[in-house]
Amino acid sequence: MIDFEEINPEFARRYRLIDDSYEFSEFMSKPLRPSIRVNTLKGSLEDIVSLLSEKYKIEPVPWCREGFFIDIDEDSSIGTSIEHQLGLIFSQEASSMIPPVVLDVKPGMLVLDMAAAPGAKTTQIAQYMQNEGCIIANDVKVGRLNILISNLQRCGVLIARVTMMDGRSFRKYENTFDAVLLDAPCSNAGMIRKNYKYLKIWRLKDVESLSRLQKQLIMAAYAALKPGGVLVYSTCTLDPAENEDVVDHLLANTDARLEEIDLPVKRHKPFTSFDGKEFSSEVKKCLRIHPQDNDTEGFFVAKIVKEA
C-alpha cells in the first residue's frame, strides 16, 4: 500500500483531516479501472456497444448511460484502439462523466465550458445536444487547445467554438449562457490513482492559491449564466478548500441556489466545516466522491441554479 508519509508528508498530514480510513489509503494505492464513453455523434449506442462487446468485456457505469468500465490488458491502451481513433469512444474516467450528466443540456442551447481542455466533457456535452446549438469551449493555455481541437474533430463535434481566454474574463458576458460548466483547475489529488506524480508535486500552498482562483472563476461563471440556467462546478480533488469553501463563497456573495444531485452513485458527506471555517449547510447538497465509494477517482460536483 502506498506510504503517503514517505512520499509527501505534507499531503499525509492534510489528508488525515479529510479521510484517515484504511479504505481511502487502500483505494488510492490501486490503479484506476479503465473506462470509456460511447460517442453517439458517431453511431448508435447499441451498435457501438455491440462492436465493443465482440472484443472487450464491458460493464455499464451506473450514473452515465453511455459510460462503460472496460477490461483490457495491462499492457494495452484503449487510446490506441481503432474505435478510439475513429471517435466511436472516448477514454474517460467514470466519475468525470458526472458533470455533463448533471448539467442536463438540451439541443439548441448556448453553453459555456469554461476550462474545456482536453475535451472529454465538451464532447460529452455535444452529444447530449445532438450537435445542435453552440458550445463555447474555452481554455487558458495554448498548449492544451491543440489537444482540445483534435478531440473535437475526432469525435465529430460541429457546434464548438474554441476560445483562449482567462476564464475570469467571462464575467463581462453577464446573463448570456443557458448552462455553464466550470471543471476548475485543481490540485488533482483525485488523479493520484492515475499517476503518482500528482502526489509527489502536491503542495498546500498550491491548494490555497487554487482556492482563491477557483472562487474568482465561479463568480465569473455565475455572472455569465442566464437567470434560470444551471452552473455545474466540479474538481478532481478532495480538499474542502477547493470544493465546499468555493461553493460557500458563491452562496455568501450571490443569490445562487444549490440543487440535490440525484444519481445512483455512492458518496461521502460534504464538509460543513473544515480547518476553522464554517460553511453553509446548503453544501450538504454537493456530491463528494472518495475513491473507495465507487472504485473511481476522487471527485466533487455541485449543481447551482440562478433564479429566474
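Mentor: Let's start with a term: a nonpolar core is a set of buried Ala, Val, Leu, Ile, Met, Phe, Trp, Tyr and Cys residues joined through side-chain atoms within 4.5 Å. Keep in mind that this is a predicted model.

Trainee: Okay! Which residues touch the most other members in the largest nonpolar core?

Mentor: Those are Leu-231, Tyr-233 and Ile-304, in a core of 92 residues. Helix H10, residues 204-224, gives the largest share of this core, with eight residues.

Trainee: What is Ile-304 in contact with, leaving aside its neighbours within four places in sequence?

Mentor: The list for Ile-304 includes Leu-231 and Tyr-233, and also Ile-218, Tyr-222 and Leu-250. Gly-229, Val-230, Ala-256, Arg-257 and Leu-258 are in contact with Ile-304 too.

Trainee: And what does the second, separate core include?

Mentor: That second core has 13 residues, among them Ile-36, Leu-45, Ile-48 and Val-49.

Trainee: Let's look at a helix. How many residues of H11 are buried?

Mentor: Seven of the ten, so H11 is mostly covered. The buried ones are Glu-244, Asp-245, Val-246, Val-247, Asp-248, Leu-250 and Leu-251.

Trainee: What do those buried residues of H11 pack against?

Mentor: They pack against helix H10 and several strands: E9, E10 (257-259), E12 (277-278), E13 (287-289) and E14 (299-305).

Trainee: New topic. Where does UniProt place the "active site" feature?

Mentor: The UniProt record, an unreviewed entry, puts that feature at Cys-236. You'll find Cys-236 in the loop between strand E9 (225-235) and helix H11 (244-253).

Trainee: Is Cys-236 buried or exposed?

Mentor: Cys-236 counts as buried because its relative accessibility is 11%, and the cut-off for buried is under 20%.

Trainee: Which residues is Cys-236 in contact with, apart from neighbours within four places in sequence?

Mentor: Cys-236 is in contact with Cys-186, Asn-188, Ala-189, Gly-190 and Met-191, and also with Glu-297, Gly-298 and Phe-299.

Trainee: Asn-188 is on that list. What is its phi?

Mentor: Phi of Asn-188 is near 60°, which is a positive value in a residue other than glycine. Asn-188 sits in the loop between strand E8 (177-183) and H9, and it counts as partly exposed, at 21% relative accessibility.

Trainee: What about Gln-130, what is its phi?

Mentor: Gln-130 also isn't a glycine, and its phi is positive, at about 55°. This residue is in the loop between H7 and strand E6 (134-138). Gln-130 counts as exposed because its relative accessibility is 52%.

Trainee: Where is the cis peptide bond?

Mentor: That bond joins Ala-117 and Pro-118, with omega about 5°. Pro-118 lies in the loop between strand E5 (110-113) and helix H7 (120-128).

Trainee: Back to cysteines. How many disulfides does the count come to?

Mentor: Zero. Take Cys-134: the closest cysteine sulfur, in Cys-155, is 18 Å away, so that is too far for a bond. A disulfide needs the two sulfur atoms within 2.5 Å.

Trainee: And which cysteine sulfur is nearest to that of Cys-155?

Mentor: The one in Cys-64, 14 Å away, and Cys-155 is in no disulfide. Cys-155 is buried, at 1% relative accessibility.

Trainee: Now the rings! How many aromatic pairs are there?

Mentor: The count is nine. In one of them, Phe-11 and Trp-202 are edge-to-face, 5.3 Å centre to centre with 85° between the planes.

Trainee: Where in the chain are Phe-11 and Trp-202?

Mentor: Phe-11 is in helix H2 (residues 9-16) and Trp-202 is in the loop between helix H9 (197-200) and H10, so the pair links distant parts of the chain, 191 residues apart. Phe-11 is buried at 0% relative accessibility, and Trp-202 is buried at 2%.

Trainee: Which residues form one aromatic cluster with those two?

Mentor: Phe-4, Tyr-15 and Phe-24 join Phe-11 and Trp-202 in that cluster. Elsewhere, Phe-271 and Phe-274 make an edge-to-face pair, at 5.4 Å centre to centre and 75° between the planes.

Trainee: Last one: what sits over the ring of Phe-69?

Mentor: The charged end of Arg-33 does, 3.6 Å from the ring centre. Arg-154 lies over the face of Phe-90, at 5.1 Å from the ring centre.

Notes
Residues are numbered from 1 along each chain as its sequence is written. This is a predicted model: local features need pLDDT of at least 70, side-chain atom pairs count only at pLDDT 80 or more; totals for chains, interfaces and linings use all residues. Side-chain values use heavy atoms; hydrogens and water are left out. Buried means under 20% relative accessible area, exposed over 50%, partly exposed in between (1.4 Å probe, protein chains only). Helices (H or I, at least four residues) and strands (E, at least two) are DSSP runs, numbered from the N terminus. Contact means heavy atoms within 4.5 Å. UniProt positions are given in the numbering used here, feature names are shortened, and annotations may be inferred rather than shown by experiment. Rings of Phe, Tyr and Trp (its six-membered ring) pair if their centres lie within 6.5 Å; planes under 30 degrees apart count as stacked, over 60 as edge-to-face and the rest as tilted. A charge sits over a ring if NZ of Lys or CZ of Arg is within 6 Å of the ring centre and within 35 degrees of the ring normal.
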